[in-house]
Amino acid sequence: MERRNIRIIVYGRDEDYYAYTIFQWLLEVKELLENEYGISIEAIRENVDFDVPVLEVKGKLAFAGFPGEEGYLIEHVKKVLEEVLDEDRDDHA
């Protein structure tokens, strides 16, 4: 069975430390999330002039700003990821 590809995008200025950090955290947990949900994640960094970093999972807002720690970011990503996967299951039922 082919793994579903889910695009996760971090938007923020290239020079923004917080956007950079969020993207690095995403890369660190990417394999863990792929294995947990049986998916393939395409992690993308977009240079956008936003006041705060924004993270989207398949076009849905997961987080805006900077979480206090990596664990908070993971929880937000997992919540939206589960919503996306549930919607896709409903569409194919």
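Mentor: The bend at a residue is the angle between two helix axes, one fitted to the seven residues ending there and one to the seven starting there. Keep in mind that this is a predicted model.

Trainee: What makes V29 the place where α1 bends?

Mentor: The angle between the two axes at V29 is about 45°.

Trainee: How do you know how the reach of α1 compares with the span expected for the helix?

Mentor: Helix α1 covers residues 17–37, which is 21 residues. The expected span is 1.5 Å times one less than the number of residues. For α1 that gives 30 Å, and the reach from first C-alpha to last is 29 Å, close to the expected value.

Trainee: Why is E34 called buried?

Mentor: Buried means under 20% relative accessible area. E34 has 11% relative accessibility, so E34 counts as buried. E34 lies in helix α1, and the buried residues of that helix also include W25, L26 and V29.

Trainee: Which residues does E34 touch, leaving aside those up to four places away in sequence?

Mentor: E34 touches R3, I39, S40 and I41.

Trainee: What makes the pair D16 and Y18 a polar contact at the start of α1?

Mentor: The cut-off for a pair of N or O atoms is 3.5 Å. A side-chain oxygen of D16 comes to within 2.8 Å of the backbone nitrogen of Y18, so the pair is inside the cut-off.

Trainee: How is the whole protein arranged along the sequence?

Mentor: The pattern is β-α-β-β-β-α. The protein is as compact as a globular protein of its length, because its radius of gyration is 13 Å, close to the 12 Å from the globule rule for 93 residues.

Definitions and conventions
Residues numbered from 1 in each chain as written. Predicted model: local features only at pLDDT ≥ 70, side-chain atom pairs only at ≥ 80, totals over all residues. Heavy atoms only, no water. Helix = DSSP H or I, 4+ residues; strand = E, 2+ residues; numbered from the N terminus. Buried < 20%, exposed > 50% of the residue type's maximum accessible area, 1.4 Å probe, protein only. Polar contact = N/O pair within 3.5 Å; in protein donor to acceptor, adjacent residues only side chain to side chain. Contact = heavy atoms within 4.5 Å. Rg over C-alpha atoms; globule rule 2.2 N^0.38 Å.
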